[in-house]
Amino acid sequence: MIKCTCENRERCTCPKSIVCAKHLWFRRGNRVILEDITFCLDEGVFLGLIGPNGGGKTTLLKIIVGLLPPTEGRINVFGRPPQELADRRLRIGYVPQRPQVDRQFPATALDIVLMGAVQLAGPLPWFPNSLRQRAREALERVGAADLADRPIGQMSGGQQQRVFLARALVTHPRLLVLDEPTSGLDSHGQQQFLHLLRDLRNDLGLTIIMVSHDVGQ
């Protein structure tokens, strides 16, 4: 992890930190999942979380994006607890573990990406043309523009993962969080995807947290 350099035990005073955790614990019943974790993540860093299955990596990601509260300790994302981010939540792009997709599922790649823009649509019962254009630009950014009208169930694993990545990028986030994004891809597909993440970080100035159990990656 990245060592926190501030001296305040309770809250982060690191000026460039995007994520800062202080003495973070998470328990499920009597089982300790995360134990006394302290780190700060500066803007522009690409952080890899590596460990065995069941080691708490996904739990940490869910705490960072606000899906789980810590049992003890504090965590700030963009200077606030994740549950209090409000509209700042759009600054986080999250790619969860890739589910098995029903090949009969009728949604197209464009539909999937637009799902990530629901908050931007507000009370409208449809997506305006400006958001549809933004979704197409996100697909183009990840090299999947030609897949916009193809059903998600008719794509390869690598193509699906690019679409899910585009969904995470459609809100123009500053922090990108990915959980085992190369799982199920062959070695060539894994390398392509990792190179894409590197280029996105460089081009968009993203801060990236990626979980993997593969030390080689």
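## Exercises on a predicted model

E5, helix H3 (118-121) and helix H5 (157-169) each supply at least two residues to the lining of the largest pocket. Keep in mind that this model is predicted. Let's work through it together.

### Exercise 1: The largest pocket

Find out which strand gives the most to the lining of the largest pocket, and what kinds of residues make up that lining.

**Solution.**
- Step 1. Begin with the volume: the largest pocket has about 340 Å³.
- Step 2. Look at the residues around it. The lining has 15 residues, and those closest to the pocket centre are Arg-89, Ile-92, Tyr-94, Gly-116 and Gln-119.
- Step 3. Now turn to the strand: E5 contributes three residues, the most of any element.
- Step 4. Sort the lining by kind: nine residues are nonpolar, four are polar and two are charged.

### Exercise 2: The sheet that contains E5

Work out the order of the strands in the open sheet of four, and explain why E3 and E5 each have one side without a neighbour.

**Solution.**
- Step 1. Read across the sheet: the order is E3-E7-E6-E5, and the pairing is parallel.
- Step 2. Go to the ends of that order. Strand E3 (46-50) and strand E5 (92-95) are at the edges with a single partner strand each, so one side of each has no neighbour in the sheet.
- Step 3. Check the turn between neighbouring strands, which is 10° on average, direction ignored.
- Step 4. Zoom in on one pair: strand E6 (residues 175-179) and strand E7 (residues 207-212) run parallel and are joined by five bridges. In one example, Leu-176 has Ile-208 in E7 as its bridge partner.
- Step 5. Add the helix: H6 (residues 187-204) lies across E3, E6 and E7, at about 160° to E7.

### Exercise 3: The other sheet and its disulfide

Describe the open sheet of three strands, then find which parts the disulfide ties together.

**Solution.**
- Step 1. The strand order is E2-E1-E4, with antiparallel pairing. E2 and strand E4 (72-77) are the edge strands, pairing on one side only.
- Step 2. From one strand to the next, the twist averages 15°.
- Step 3. E1 and E2 run antiparallel, joined by eight bridges, and Phe-26 stands opposite Leu-34 in E2.
- Step 4. Helix H1 (residues 57-64) packs on this sheet and touches E1, E2 and E4, with its direction at about 125° to that of E1.
- Step 5. Locate the disulfide: Cys-20 is joined to Cys-40, with an S to S distance of 2.0 Å, which falls within the 2.5 Å cut-off. Cys-20 sits in strand E1 (residues 17-28) and Cys-40 in strand E2 (residues 31-42), so the pair ties together parts 20 residues apart in sequence.

Methods:
Residues numbered from 1 in each chain as written. Predicted model: local features only at pLDDT ≥ 70, side-chain atom pairs only at ≥ 80, totals over all residues. Heavy atoms only, no water. Pairing = 2+ DSSP bridges. Axes fitted to C-alpha atoms, helices over the stretch in contact; angles between N-to-C directions. Contact = heavy atoms within 4.5 Å. 1 Å grid on protein atoms, 1.4 Å probe; cavity = no way out; pocket = protein on both sides within 12 Å on 5 of 7 lines; lining within 4 Å. Points joined across faces, edges and corners; volume = space filled by probe spheres on them. Nonpolar A, V, L, I, M, F, W, Y, C, P; charged D, E, K, R; others polar.
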